[in-house]
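Thanks for coming. I will take one residue, then one helix, and finish with the contact between two chains.

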Amino acid sequence: MKKPYKILHLEDVQTDSEQVAFELKKNNIYFEILVIDSLVAYEDALDNFKPAIILCSHSMPALNSIKALEVLKEKKLEIPFILITSILNEEIVMSVIKKGADDYIIKDRLMRLPFALVNSIEKATHKKDRKKMDVAAFEKEVSIKKDLKMLSEKLKLASKIVGLGVWEYNVADGIFTVDDTILQLNGVTRNAFNGSQLFFIKMVHPDDLETFKKEVAEGATKEIYIITFRIILPDKSIRWLKSVVKHQRNKGGQIDRIIGTSQDVTEHKLRELAIKESDEKYRSFFENSMDGIVLTIPNGTVVAANPAAQVIFKMSEKEFCTCTRYDLFDYHDQRLQPFLDERNKNGRATGEFRLLRHDGTSFEAGVSSAIFSDANGYQQSSLIIRDISTRIQAQQLILQTSTALQNALEDVKKILSSSLDIICTLNDSGNFVTISSACKQIWQYSPLELVEKNYLNFVHPDDVEKTIQMKDSVKNGNPVTIFQNRVIRKDGEEVPMLWSARWDQSAELMYCIAKDATDKVRFEKAFEYERQRFKEMFHQAPSSIAALKGKDYRFELANNNYLQLIGKTNIIGKTLKEVLPEVEAQGFIKILDAVFETGNVYQANEMHIQLANGGNDLLSDLYLNFIFQPYRNQNCDVEGIFIFANDVSERVMARRKALTETANLQSILNNTDISYILLDKHIKIVAFNRKANENMLAVYGTNLENGQYYPDRLDNETKQEAKGSIQKVFAGEIISSEVYFPSINGQPRWYLYKMNPISIENNVSGVCISAEDITTKKEAEIEREQITSDLLQRNNDLEQFNYIVSHNLRAPVANISGAVSILNNKDLDSQTKELFWNAVSISVNRLDNVIQDLNTILEIKTTQHQQKEYVQFIKLTQNIKDSIAKSLDEAGFTILTSFDEIEGIDTVKGYLYSIFYNLIINSLKYRRHNIAPVLSITSRKIGNSVQIIFSDNGLGFNAEKKKDQVFKLYKRFHNNIEGKGIGLFIVKTQVETLGGHIEVISREQEGTTFTITI
Amino acid sequence: MLPFKKIIIIDDDKTVNLICSYIIKKHLPDVLFEAFTNPEEALKSIKQGIHNAAVTTVILLDINMPTLTGWEVLEHLRKMLPNFNEHFSVYMFSSSIYYRDREQSQANPLVTDFIDKPLTIDKLDRIIDAENSKRTAPTIAT
């Protein structure tokens, strides 16, 4: 919080001091004030109260401002001092100011005081601060100088310790001075040094001389520069020196002195070179290695990856930097963990496991890893990676190939052994080299018995010659395809053989195939083969197959599919009734009977069957495609039935489900109150629901039909609009609009129409038009709007009423007040007095009238439920005519009535009387004097309401301008005719209280018509 | 020396005009005074008198009148005399305590001030003060 200003006020007049305090408070100045008027108190206050400012009255009995200022000076206090004087005497002011006052204020211009006070205090504060600052600055300088001296001594010591030599070159006299360290660094004695800088420049290593000169020349423009170079010492050894050179310039900006330090940096330089060399070696290895190298730090972040690693992982260097080694390892690979364990244990490890590429693919890699510390002592680990997936692939390929070869070999063997024909090879001399096992069947010799035997031994003696001839021909390169001879079987029988043969020169082998020309063997083999094939087919067929034998349908065969289908095992030999007792009741035995008896094939698709195939008695529903195919014995009698069955349950179920869903949807659509019509892209009707058709019938009297061009179903006007909307929907828009139908089945209805595009793969392929009956909602909305607008109107009326009433109450009151203030003058003559008493009297009457009017209006407004009775218009009019007959006669006023259409209504009689009365009086009052005044009153029936029309030929008014004013309270349009401007207001209020409304049309000098609708 | 020579009052209430007439004649006997109960007549008179209107005229204008409201009279004046501000100074004069009337008066550049009824000597002095400052201080705003 801000501290209060401490104010010492020297003042003997209490009111003056209070005024000062008040002025300060008024300006929100936060202060603490002490008021005194004696010298003793003053001195005491200076010591103990310690004011921030002194306000001083010029003269007091015990003290004056000059004295006060003197005391201040004696005490060497610098407190702002403001003189407050009652009169402006320049002489006094000048003398006080000279004595040291900061400002002065005239007592009756105290408003300047707050500003002057704050200003003086701030000025004084600044002064004090500045003084404080000066002292502080001086002390600081002294301390800095002391520090500097100490520092320079320390520096000298330090430079000696680190071997830092200092030299100086005075440009003006060309003297070059050096310290002992410099001489030591250069390996010379002081005696040898000649005082010229050239002495040292000569020592610079010839290889560095050029760079040295260049850098010195460049350095001349700078204030300070560093140069590193080699020198050759007198003992021919080479040292590295680093010099820091600083220029001192005179006021003209020219260099007058150059001072510098030199240091032997040989050790450092040599180390640097060694590191650089090793780094380069490492770099070159890293960059050019065929293996991928990735360096990581302990948290796993990758710090470097060489180009080979980038290729292996298919990652850029940048991508490497954003990933960790965890992104590279495939942690699902079980070989990884042992590898990591080993590396953590021994600091290095090698292994083979899967790594992940950036694109998520993986590859086999040979990885060796080591943990090491880098030059800065940070721990890093290296991963050296070789993509071995190609190698492994090749290994696998070899494996595959050899397996394939093995398989092929097996196949060949199989072919050889299963072949019906003898396949054999003979060498040059005619001995069997290999021979297939078919020889056993055909010749009764096993292959072992034949190998290495000469084939001629087995040939029928009569055929040996032609066989030899043939063999020679084949060996000469003429392959033979059919050559017949006879071979002697082991049991001595002769077997006719058909040969085909060819000679392979490279293998020096003859390949031969020999067929048993008797064919018997062949048939046997063929039968076996067929049987095998059937068996395979039977077991591997995708269908369920079973064979039932005999009239009691015993299972003779059943494939796996069939067993799976019926959920049973061990059925062979059992009857169908035993295995599937549940099928008899389903009529399957009868079907089988029919097939058995007639021999006709039975075929059924998607047949429903219930089987207890779940291992218990529960039946499950299945749908099967069946074929019952009879099979016959040699006598052509039906011996059994083949069952072929395909389980199509899934398909049937799926279809049924889809059908049910469609049916459900259809039922929803047909039971909803929203109508839907779907159109295809040619705007033809594709589908519609019941409600849509009902609506169409109600609006246009026609039925909807699929395939119709939708706009043709509408009337011409709607057609164009609908076409436009549909075009928009095809462009992807969703259209929603509320449409009003004046009469649907005799009722006005509101519909919410929506048109939505039907999209298939982003193409609009049709339109869905929906229409919802929102009449109830819409009516409620309209009603709500009506209520809101009524309320607004009421509120406006009320405000207007308030305004008028307050104005009209205030007007007579203002007059009374004005007149009474005049009447208060004592020197009024009696005539004037009377005049104003009269004015008071008129105003009082007016006030009374207004209050009475107010009462009347409020009575109407507050009376809600009046007794209603039947009122005849003609009687009502007559009553009024009678009551004002005299006035009507005098004006020659005619009232014409026509109440034929409706003669009267149930209403509050008093109100209707008042309405008629006021409107008749209104016509009478505002008649035109130059023509015969006529008012006609007519009643009409409009729907459920009644209209009463009052039409006159009177003065009229400008309805365009005044229409909204005419029914307002105390509104009058005519100056020359007596009126209060309350009649029509009452009429309107009463009409509205009766639940009706009133309208007016009028033309000036033509007449006015009021229409009341109740 | 008064800053205006004439006061016109337009008010349909005769009592108001009577009170004003008395107060003005008594306190400013040198000022010409004219009262109208019919605004149309007042407009006619002002239009006729404009040719010799070298004098400055103060108009006290009632707001609620049957044939023309005060605002309509003002509009007629503006149309009739394009620079009527040079010779006329209009004060809206009403018994209304409705805040909008006061606001509207302050917003309308043709209106100098709003005076509520009844007219008193103090209010007359206020008009004189306002007219004086208008004559001496150059207008800054338009």
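A:T775 sits in helix α25 of chain A, which covers residues 775-823. Keep in mind throughout that this is a predicted model.

Is A:T775 buried or exposed? Its relative accessibility is 2%, and buried means under 20%, so A:T775 counts as buried. As for its surroundings, leaving aside residues up to four places away in sequence, A:T775 touches A:P748, A:R749 and A:W750. There is also a polar contact, at 2.5 Å, between the side chains of A:T775 and A:D773.

Next, another helix of chain A. Helix α8 takes in residues 206-219, which is 14 residues. What span should we expect from that? At 1.5 Å a residue the expected span is 20 Å, and the end C-alpha atoms are 20 Å apart, so the two agree.

Which residues of α8(A) are buried? They are A:D208, A:F212 and A:G219. The cover over these buried residues includes helix α7 (198-201) and two strands, β8 (224-232) and β9 (238-249), of chain A.

Now the interface. On the chain B side 27 residues are in contact, and they meet 28 residues of chain A. Between the two chains about 2,200 Å² of area is buried, and carbon and sulfur atoms give 54% of that. Three residues, B:Y22, B:P66 and B:S95, supply 25% of the area that chain B buries against chain A, more than any other three residues do.

On to the polar side of this interface. How many salt bridges does the rule find across it? Two. One salt bridge pairs the side chain of B:D116 with that of A:R810, at 3.6 Å from N to O. For polar contacts, the rule finds five residue pairs across the interface, with both residues at pLDDT 80 or more.

Where on chain B does the touching side come from? Helices α1 (14-27), α2 (39-49) and α4 (99-107) of chain B each supply at least two of its residues. The largest share is that of α1(B), with seven residues. Sorted by class, the side of chain B that touches chain A has ten nonpolar, eight polar and nine charged residues.

To recap: A:T775 is buried, α8(A) has the span expected of it, and the interface of chain B and chain A has two salt bridges by the rule. That is all I have; questions, please.

Key:
Residues numbered from 1 in each chain as written. Chains lettered and ligands numbered in written order. Predicted model: local features only at pLDDT ≥ 70, side-chain atom pairs only at ≥ 80, totals over all residues. Heavy atoms only, no water. Helix = DSSP H or I, 4+ residues; strand = E, 2+ residues; numbered from the N terminus. Expected span 1.5 Å × (residues − 1). Buried < 20%, exposed > 50% of the residue type's maximum accessible area, 1.4 Å probe, protein only. Contact = heavy atoms within 4.5 Å. Buried area = accessible area lost by both parts, 1.4 Å probe. Salt bridge = Lys/Arg side-chain N within 4 Å of Asp/Glu carboxyl O. Polar contact = N/O pair within 3.5 Å; in protein donor to acceptor, adjacent residues only side chain to side chain. Nonpolar A, V, L, I, M, F, W, Y, C, P; charged D, E, K, R; others polar.
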